[in-house]
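I opened this entry to record what I looked up, beginning with one residue and moving on to the ligand site.

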Amino acid sequence: MIAIRKADEADLEPLLTLYPDAFPDEDLTALVRDLFQAPEGEVLSLVATIGDQIVGHVAFTLCNVDDRPRTAAMLAPLAVASAMQRRGIGKALIAEGMRLVKAEKIEQVLVLGDPKYYSQSGFSAEQAIAPPYPLPLEWAGAWQSIKLIETAQNPAGPLRLPVYWMKPALWAP
Ligand SMILES: CC(C)(COP(=O)(O)OP(=O)(O)OC[C@H]1O[C@@H](n2cnc3c(N)ncnc32)[C@H](O)[C@@H]1OP(=O)(O)O)[C@@H](O)C(=O)NCCC(=O)NCCS
């Protein structure tokens with residue numbers, strides 16, 4: 001039975017094994033460590049478990065659009081153990097994370113990823129909110145968002161993220 005819960009400190013170690021398994025070509029372990037060390041309340045980190053085994057992880061970093069209050073969240077990274085992919089775990093992590101951040105009055109979630117995948121969870125191309133670094137042309141459609149709470153005005157401007165996200169390598173192929 002798959003369960004989803006908030007991550008705790010003891011989950012970091014198994015995640016440092018899960019990430020290289022899910023992303024053999026990319027090292028996200030430094031980012032995952034940073035996310036675990038973020039100030040209280042800044043990052044929502046969820047794990048998917050089967051028994052006491054961790055099979056998936058997602059993080060949502062709360063952030064601002066330009067000088068607006070903190071009403072946005074950045075979804076990343078998302079990983080599911082290679083042996084457990086394509087069973088709905090990724091989508092379940094996304095759905096549970098969005099439910100929890102919406103309860104915290106987060107109005108919009110941003111993501112940089114495959115539109116074929118994220119459109120299945122309701123994301124679509126984002127043009128008004130700019131990522132922190134210019135994206136390569138071939139990634140233009142990969143910058144997406146979903147509105148969780150309707151607002152009178154659509155927020156526009158640069159996305160302002162905590163310092164551990166401000167690394168160009170995280171935004172380039
Ligand atoms: C991408 C990822 C998070 C998806 O999680 P998941 O639990 O495997 O996916 P879900 O079961 O929620 O969704 C399945 C659907 O997603 C798409 N999908 C997922 N993985 C795919 C893959 N490797 N190739 C093609 N489509 C894929 C398909 O549409 C699939 O539906 P289908 O099986 O009916 O064709 C997971 O496969 C993963 O960790 N991959 C490696 C890391 C990565 O690329 N992360 C990107 C997010 S930053």
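I located Leu112 in strand β5, residues 108-112; strands (E, at least two residues) and helices (H or I, at least four) are DSSP runs numbered from the N terminus. The model is predicted, so I note that local features need pLDDT of at least 70 and side-chain atom pairs pLDDT 80 or more, while totals for chains, interfaces and linings use all residues. Residues are numbered from 1 along each chain as its sequence is written, and side-chain values use heavy atoms, with hydrogens and water left out.

I then listed the contacts (heavy atoms within 4.5 Å) of Leu112. Leaving aside neighbours within four places in sequence, I found Leu135, Trp139, Ala142, Trp143 and Trp171. Leu112 and Trp139 are 27 residues apart in sequence, yet their C-alpha atoms are 8.4 Å apart.

Next I turned to the ligand. Of the 15 residues around it (a heavy atom within 4 Å), Val80, Arg86, Gly88, Gly90 and Gln120 come nearest. I noted that β4 (72-80), α3 (89-103) and α4 (115-118) each supply at least two residues of this shell.

I checked polar contacts with the ligand, that is, pairs of N or O atoms within 3.5 Å. A polar backbone atom of Gly90 is 2.7 Å from a ligand oxygen. For Gln120, a polar side-chain atom lies 2.8 Å from an oxygen atom of the ligand.

Conventions. A polar contact is a pair of N or O atoms within 3.5 Å; within protein, one must be able to donate a hydrogen and the other to accept it, and residues adjacent in sequence count only if both atoms are side-chain atoms.
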